[in-house]
Amino acid sequence: MPIINATVRIGTPDDVHPLMDLLMEGHHENGFVDANPLKMLNDLWAALTLERGIVGVIGIPGQAPEALIVLRIGNVSYSDAEVIEEKILYVRKDCRKSRHARLLASFAKATSDRLDLPLLIGVLSNHRTKTKVVMYERMFGEPAGAFFLYNARTDDRLNAETP
């Protein structure tokens, strides 16, 4: 059962193992290519140590987290200008009827405002995509484009497990 009146806290290095488990769960659901856990861990660790990033967590320290967002500061391929890039926003399946996704998206917006940097955030999913896009449109305004996958789906792993 999700935390009622949840808040987003800043992740710390002590959260690394449970957050890594949650990242792998998120990848299992939404990844469209095989994961490299070491790359995922390096990205997570940098954000947990506030090295050009931050992690927002919903959950009680020492317990399994309910949701997370990983934000990293980087550059788009054609510029030296810094942007905040959302690497993952993921809510555990048993907590999806909560407002956790909205809270994490609001955390991302607040981070963008505090740092006065553009935020690049989006939906890359073939599972309940329209619902997610509607939520993002309400929070962020009109989309600036769309993602398309050819010869891949984000829910292939889920479909492969369904009898």
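**Entry 1: S1 and S2**

I started with how strand S1, residues 9-10, attaches to its neighbour in this predicted model. Two bridges hold S1 to S2, and the two strands run antiparallel. I looked up one pair by name: Ile 10 has Gly 56 of S2 as its bridge partner.

**Entry 2: S2 in its surroundings**

Next I wanted to know how many of the residues of S2 are buried. S2 covers residues 53-58, and six of the six are buried, so I put this strand down as largely enclosed by the rest of the structure. Then I checked the two faces separately. Gly 53, Val 55 and Val 57 point to one side, and they are all buried. Ile 54, Gly 56 and Ile 58 are on the other side, and they are buried too, so both faces are covered. Gly 56 is therefore a buried residue that also serves as the bridge partner of Ile 10.

**Entry 3: from S2 on to S3 and S4**

I moved across to strand S3, residues 67-75. S2 and S3 pair in the antiparallel sense, over six bridges. Ile 58 has its bridge partner in S3, namely Ala 67.

S3 is also joined to S4, by nine bridges, and this pairing is antiparallel as well. Here I noted Ile 73, whose partner in S4 is Ile 84. The two strands make a hairpin, with six residues between them. For S4 I counted burial again: seven of the ten residues are buried, so this strand is also largely enclosed by the rest of the structure.

**Entry 4: the last strand and the whole sheet**

Which way do S4 and S5 run relative to each other, parallel or antiparallel? They run parallel, joined by two bridges. Glu 85 has Leu 120 of S5 as its bridge partner.

Putting the pairings together, I get an open sheet of five strands in the order S1-S2-S3-S4-S5, with mixed pairing. S1 and S5 are the edge strands, and each of them pairs on one side only. As a reminder to myself, strands of a sheet pair through backbone hydrogen bonds, either parallel or antiparallel.

**Entry 5: two positive phi values before S2**

I then went through the loop between helix H2 (37-48) and S2, where Leu 50 sits. Phi of Leu 50 is near 60°, which is positive in a residue other than glycine. I flagged that because most residues other than glycine have a negative phi. Arg 52 lies in the loop between H2 and S2 too, and its phi is near 55°, again positive in a non-glycine residue.

Are these side by side with the buried strand in accessibility terms? I looked up the values to find out. Leu 50 is at 55% relative accessibility and counts as exposed. Arg 52 is at 40% and counts as partly exposed. Gly 53 of S2, by contrast, is buried.

**Entry 6: Arg 96**

Arg 96 is in the loop between S4 (82-91) and helix H3 (100-115). Its relative accessible area is 33%, so I list it as partly exposed. What does Arg 96 touch, leaving aside neighbours within four places in sequence? The contacts are Glu 29, Tyr 90 and Val 91. Two of these I followed up. The Arg 96 side chain makes a polar contact with the side chain of Tyr 90 at 3.3 Å. It also reaches the backbone oxygen of Val 91, at 2.7 Å. I took one distance into the helix side of the chain as well: the C-alpha atoms of Arg 96 and Ala 108 are 18 Å apart, with twelve residues' separation along the chain.

**Entry 7: His 100**

His 100 is in helix H3. Is His 100 buried or exposed? At 1% relative accessibility, His 100 counts as buried. Its side chain has a polar contact of 3.1 Å with the side chain of Ser 98. Not counting residues up to four places away in sequence, His 100 touches Pro 2, Ile 3, Ala 6, Ile 58, Glu 66, Ala 67, Val 91 and Cys 95. Ile 58 and Ala 67 on that list are the bridge partners I wrote down in Entry 3, and Val 91 is the residue whose backbone oxygen Arg 96 reaches.

**Entry 8: a nonpolar patch**

Last, I looked at the surface. Phe 32, Val 33, Leu 124, Phe 147 and Leu 149 make a nonpolar patch of about 450 Å². I checked Leu 124, which is in the loop between S5 (119-120) and helix H4 (129-140). Leu 124 is partly exposed, at 36% relative accessibility.

Notes
Residues are numbered from 1 along each chain as its sequence is written. This is a predicted model: local features need pLDDT of at least 70, side-chain atom pairs count only at pLDDT 80 or more; totals for chains, interfaces and linings use all residues. Side-chain values use heavy atoms; hydrogens and water are left out. Patches are made of residues with over 30% relative accessible area and no salt bridge: like charges are joined within 9 Å, nonpolar side chains (Val, Leu, Ile, Met, Phe, Trp, Tyr) within 5 Å. Accessible areas come from the Shrake-Rupley method with a 1.4 Å probe; for residues, only the protein chains shown count as cover. A salt bridge is a side-chain nitrogen of Lys or Arg within 4 Å of a carboxyl oxygen of Asp or Glu. Helices (H or I, at least four residues) and strands (E, at least two) are DSSP runs, numbered from the N terminus. Buried means under 20% relative accessible area, exposed over 50%, partly exposed in between (1.4 Å probe, protein chains only). Two strands pair if DSSP finds at least two bridges between them. Contact means heavy atoms within 4.5 Å. A polar contact is a pair of N or O atoms within 3.5 Å; within protein, one must be able to donate a hydrogen and the other to accept it, and residues adjacent in sequence count only if both atoms are side-chain atoms.
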